[in-house]
Amino acid sequence: MVKLALRSGLRWKVSLAIACVGALVAVALSLVVHNAARVSMLNSSRDQMDDRVQIAQRYYESTGGKRMLRAQVNDPALPKQLREAAELGLRATYLQDNGSGAPEVWASTPLRDGKILSIHTRFKDRYDILNDLDRALIIGSVSVVLGGTALGILVGGQLSRRLRKAATAARKLADGESDIRVRDAIGGRVRDETDDLARAVDGMAEALRDRLEAERRVTADIAHELRTPVTGLLTAAELLPPGRPTELVRDRAQAMRTLVEDVLEVARLDGFAERAEMQDIELGEFVQRRVRAAAPEAEVTVLRTAYVSTDPRRLERILGNLLANAAKHGKGPVEVTVEGRVLRVRDHGPGFPEELLREGPSRFRTGSEDRAGKGHGLGLTIAAGQARVLGARLTFRNADPVVEGGSGAIAVLWLPESSPTSTGTFPVISV
């Protein structure tokens, strides 16, 4: 079962709310005005017909029944309610509404000779006035709804633009542009809740940046302080007599030294303190030589070579980390492909976990779900950081078993066409 998620903008929600409120108010006022005008008109018609029947009674009695002013005596169409009122000696009026057109207004009065004098008519002119009033109310209601909708679009559009600017600035801030401020991005002279939200986001970003900087400094300081004792430990291990225990001590000491160096490198990359030293190299030949030295068992395929301006040391670091990750957490054969400025490293293992594909590489989390205690998860983090310094883009995905023939993890490095800025860029690469 497919669920469709409908997304509507704030502008249209505000417009719809104002239009609905305007329509409800307009309909309510129109009904009140219509009913009040109808009741007043009918009461006035009753009073006028009562005056007419009294005048007709005086003429009838004064002329001996010769003049009745359009009145009738013992009208067979006289309503039952008026007959009953006349039998009680009462003068009365009655509204006879047949549902079409103006209602018929009756008035009756009993005579001295026991007869009933009555008169009736339809006030079509007044009913036409009521129809004109209804048309005016309808036009006014539609105008109110349209005006409210336009006002809602105007107000909601301004608020929506400010929120979109705030969202764009927040995304840039999340992408690492620490100098972005949401309050400056939305601008404007209006002071509303959007400004409070922008200030809160800016404050949160500054607090988070300060906390990350403090953590980075603590990590760098700890790693720096560990370098001396770890170096001493490694030197002392070299003085131990040959044997299996000595090899284990040397192996663990070397692993600790590598971890300390990796942590220091990550701290430098997080602090955006690294700068690339650019050189022009032929990518295909460079990759072939480095792969032969780092992973001789890997297969290198140069579909199309290209000259690139990059930092060879950092590019070698990226390539080495990708090969090490493929060898440690994947399965052979490891394939390295060069196609222009694009470099691919693929293994035939279980592939990257969903967390890495969704969130990117993270320190102390390896690229394999079955790490079994191997590695410290800094290899891909360092590779991504070095790629940022080069102005390149490093992406991760899993192979399509149908299209690409089997499973496996694929890391793709997109080298830029131009040299990066001082802090590294993410160029738009046309494929």
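This section describes the internal cavities, the annotated transmembrane spans and one buried strand residue of a predicted model.

Four cavities of 30 Å³ or more are present in the structure. The largest cavity holds about 90 Å³ of space. Its lining consists of Arg-38, Met-41, Leu-42, Ser-45, Ala-102, Pro-103, Val-105, Phe-123, Arg-126, Tyr-127 and Leu-130. Two elements, helix H1 (10-62) and helix H3 (124-174), give two or more residues each to this lining. The greatest contribution comes from H1, which gives four residues. By residue class, the lining of the largest cavity comprises eight nonpolar residues, one polar residue and two charged residues.

The second largest cavity has a volume of about 60 Å³. The residues that line the second largest cavity are Leu-322, Asn-325, Ala-326, Val-345, Asp-347, Phe-352, Ala-409, Ile-410 and Ala-411. At least two lining residues are supplied by helix H8 (312-329), and at least two by strand E11 (409-414). Seven residues of the lining of the second largest cavity are nonpolar, one is polar and one is charged.

The unreviewed UniProt entry places the feature "transmembrane region" at residues 12-33 and 136-155. In the model, residues 12-33 are 100% helix and 0% strand, and the C-alpha atoms at the ends of this span are 31 Å apart. Residues 136-155 are likewise 100% helix and 0% strand, with a distance of 28 Å between the end C-alpha atoms. The numbering of the first span falls in helix H1 (10-62) and that of the second in helix H3 (124-174). The two helices that carry the annotated spans are therefore also the elements that give two or more residues to the lining of the largest cavity.

Attention is turned next to a single residue in a strand. Thr-310 is located in strand E7, which covers residues 307-310. The relative accessible area of Thr-310 is 2%, and the residue is therefore classed as buried, the cut-off for this class being under 20%. When neighbours within four places in sequence are left aside, the contacts of Thr-310 are Glu-277, Met-278, Gln-279, Ile-281, Leu-315 and Leu-390. Among these contacts, Leu-315 carries a number within the range of helix H8 (312-329), an element that also supplies at least two residues of the lining of the second largest cavity.

Conventions:
Residues numbered from 1 in each chain as written. Predicted model: local features only at pLDDT ≥ 70, side-chain atom pairs only at ≥ 80, totals over all residues. Heavy atoms only, no water. 1 Å grid on protein atoms, 1.4 Å probe; cavity = no way out; pocket = protein on both sides within 12 Å on 5 of 7 lines; lining within 4 Å. Points joined across faces, edges and corners; volume = space filled by probe spheres on them. Nonpolar A, V, L, I, M, F, W, Y, C, P; charged D, E, K, R; others polar. UniProt positions renumbered as here; feature names shortened; annotations may be inferred. Buried < 20%, exposed > 50% of the residue type's maximum accessible area, 1.4 Å probe, protein only. Contact = heavy atoms within 4.5 Å.
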